[in-house]
Structure formats: structure tokens, C-alpha cells
Amino acid sequence: VIMWGGIIWMSMVEGGQCSMVGLPPVNRELYKESHKVTYSITGVGHKGDNLDRYLMGRQFMVIFINFCISLAGA
């Protein structure tokens, strides 16, 4: 159960990273009405150096999740 939870968590982390890195060149007004949560998250995430901080913290979280998955699966 813990292993599968970790694998699902890892997929959500990876999907979020793809979205945060892929959306900066897209005009935020295009998805303001259709994706309100994404609009608000990218408003904070793309301000200043928050994206770089997110990516650095994400690397440590990925290491932690992979460690837990390997312990649960062993």
C-alpha cells in the first residue's frame, strides 16, 4: 500500500513539474476562465525566482519519495 501510494505521489509530482516548467511561455489570460486553479498557482509559481526554488525543492522530494518506494518494495 505504501509503495503504490508513493508511486502515485511520484506521478503527481512529475506531472506538476511538467506543468510548471511548460506553462511560462503561454499567455496566462488564455486559461484564466477555464482553469482558475492553474491560473492562481502559476501566478505565484512564476513570480520572481519561485520556479527555480520549486524545482530545487522538488529534487529533494523526489529523492525522499524514491527512497520510501524502494524501502517499501524491498
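What share of the 74 residues in the protein is buried? Buried residues make up 20% of them. Keep in mind that this is a predicted model.

**Overall layout**

There are three helices and zero strands here, and reading along the sequence gives the pattern α-α-α. The radius of gyration is 15 Å, well over the 11 Å that the globule rule gives for 74 residues, so the protein is more spread out than a compact globule. Along its principal axes, the C-alpha trace spans about 45 × 25 × 15 Å. Here are some whole-protein numbers side by side:

| Property of the protein | Value |
|---|---|
| Radius of gyration | 15 Å |
| C-alpha span along the principal axes | about 45 × 25 × 15 Å |
| Exposed area | about 5400 Å² |
| Share of exposed area from carbon and sulfur atoms | 69% |

As for contacts with a separation of 6 or more, residues 24 or more positions apart account for 64% of them.

**A closer look at α1**

Helix α1 covers residues 2-22. It has 21 residues and reaches 30 Å from its first C-alpha to its last, close to the 30 Å expected at 1.5 Å a residue.

Which residues of α1 are buried? They are Gly6, Met10, Val13, Gln17 and Met20. These residues sit on the same side of α1, because they cover an arc of only 95° around the axis. The spacing fits a simple rule of thumb: an α-helix has 3.6 residues a turn, so residues three or four places apart point the same way.

What do the buried residues of α1 pack against? Their partners are α2 (36-45) and α3. Flip to the face turned away from the buried side and you find the exposed residues Trp4, Met12 and Cys18.

**The nonpolar core**

Two of those buried α1 residues, Met10 and Val13, turn up again in the largest nonpolar core. This core has five residues, and the others are Val62, Ile65 and Ile69. Both α1 and α3 (50-73) supply at least two residues each, with α3 giving the most, at three residues.

Met10 is a handy place to zoom in. Leaving aside neighbours within four places in sequence, Met10 is in contact with Val62, Ile65 and Asn66. Val62 and Ile65 are themselves members of the core.

Methods:
Residues numbered from 1 in each chain as written. Predicted model: local features only at pLDDT ≥ 70, side-chain atom pairs only at ≥ 80, totals over all residues. Heavy atoms only, no water. Core = buried A, V, L, I, M, F, W, Y, C linked by side-chain atoms within 4.5 Å. Buried < 20%, exposed > 50% of the residue type's maximum accessible area, 1.4 Å probe, protein only. Helix = DSSP H or I, 4+ residues; strand = E, 2+ residues; numbered from the N terminus. Contact = heavy atoms within 4.5 Å. Expected span 1.5 Å × (residues − 1). Arc of directions from axis to C-beta. Rg over C-alpha atoms; globule rule 2.2 N^0.38 Å. Areas by Shrake-Rupley, 256 points an atom, 1.4 Å probe, with all protein chains shown as cover.
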